[in-house]
Amino acid sequence: MADGLNTTYLTLGGYVDVHKYGYFYFVFMLTIFIFIICSNSVIVYLICVHRSLHEPMYIFIAALLMNSVLFSITFYPKLLIDFLSEKQIISYPFCVFQSFLHYSFGGSEFFLLTAMAFDRYVCICKPLQYPTIMRTATLKLILVLAWLLPACELAGSALLATRQKLCKFLLIQKVNCDFYSVAKLTCGDTTEINVYGFLMVINLIFIPMFFLLFTYTKILIIILKSSKKKKKKALQTCLPHLVAFINFSMLSGYEAIKIRVETSIPQMANFILNLLLISCSSVFNPIIYGLKMKEISKQVKSLLCQDKVN
């Protein structure tokens, strides 16, 4: 559908009983949004202000959590507005832009998780070469590439999407936009978009995933040969990264299958799953790093105790 200014709008068909429970959805997701912003930002702040945390591993954690904040800022305001609106619609240009940001930040998260695995690999498997390899210049390059590479690659998908003519205007079972769902609304041949999308999935998900698996396998082999003390120390630093990687990989894998395979999931279940996909990683990461990383946990406790004293 279009308005008087010839702007095309799409209907987001994944919402359930918004007219009944809109205020409840709004309050619940606003609480989640505030938690995401506050918890991630606090850990990023602590890493920035404490010199003891100015190490590659913690800098990558800060970048990962900052990525979660940016991802959430991209989606939650629109989500919250939709809960209070009579119609859940989105303009086509903004839908393409939202799809671009969705996959761009997702690609950045995989890139950062890969960088963290590489950092642990060098630290544990090649400790003498660690200071030489993980220099400040290397860190800056990795961080720039983490956000720049996915954005540049996905700009192609956004460009292809804007060239397509729409024949349908309902995004079935969706509360947000993605390129594959948008491509299914177009009239013409979508082979070009699908092939490009498949290449992006390989480049942004599968290649980092195989590298991560290879890296952690090598780390595990070294750990098993180490002393009990070294095993404990290595596991303390690697386990949170590994859990974060498994969590994000499972979410990404499920989403990739979900948008490509027609399923008969009940509408309410689908709605809840959509919200989980948007929220889970951003909620989970600050908890796992705040509780399981010893140095970060110590600074968080110190901050909380200081607030109580004041």
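**View 1. A small look at the sheet: three strands in the order β2-β1-β3.** The 3 strands make an open sheet with mixed pairing, where strands are DSSP E runs of at least two residues and helices are H or I runs of at least four, numbered from the N terminus. Pairing here asks for at least two DSSP bridges between two strands. This is a predicted model, in which local features need pLDDT of at least 70 and side-chain atom pairs count only at pLDDT 80 or more, while totals for chains, interfaces and linings use all residues. Residues are numbered from 1 along each chain as its sequence is written, and side-chain values use heavy atoms, without hydrogens and water. At the edges sit β2 (89-91) and β3 (170-172), each pairing on one side only. From one strand to the next, the twist averages 30°.

**View 2. Strand β1 alongside β3, with helix α3 on the sheet.** β1 (residues 9-13) pairs with β3 in the parallel sense over 3 bridges. Look for Leu12, which stands opposite Leu171 in β3. Helix α3 (residues 92-125) packs on this sheet and touches β1, β2 and β3, contact being heavy atoms within 4.5 Å. The direction of α3 makes about 90° with that of β2; such angles run from 0 to 180 degrees between N-to-C directions, with axes fitted to C-alpha atoms, for helices over the stretch in contact.

**View 3. The disulfide between Cys95 and Cys177.** The whole structure holds 2 disulfides, each a pair of cysteine sulfur atoms within 2.5 Å. In this one, the S to S distance is 2.0 Å, and the -115° about the S-S bond makes the link left-handed. The partners come from distant parts of the chain, 82 residues apart: Cys95 lies in helix α3, and Cys177 in the loop between β3 and α6 (179-183).

**View 4. Helix α2 crossing α3.** The axes of α2 (residues 56-83) and α3 come within 10 Å and cross at roughly 165°. The two helices are therefore roughly antiparallel, a term for angles over 145 degrees. Their crossing is left-handed, that is, the near helix is turned anticlockwise from the far one by less than a right angle. Their contact has 16 nonpolar, 6 polar and 4 charged residues.

**View 5. Helix α5 crossing α7.** Here α5 (residues 136-162) and α7 (residues 191-224) have axes that come within 10 Å and cross at roughly 165°, in a left-handed crossing. Among the contact residues are Pro150, Leu154 and Leu160 of α5, and Ile193, Tyr196 and Met200 of α7.

Methods
Angles under 35 degrees count as roughly parallel, over 145 as roughly antiparallel, 65 to 115 as roughly perpendicular and the rest as oblique. Ala, Val, Leu, Ile, Met, Phe, Trp, Tyr, Cys and Pro count as nonpolar, Asp, Glu, Lys and Arg as charged, and the others, Gly among them, as polar.
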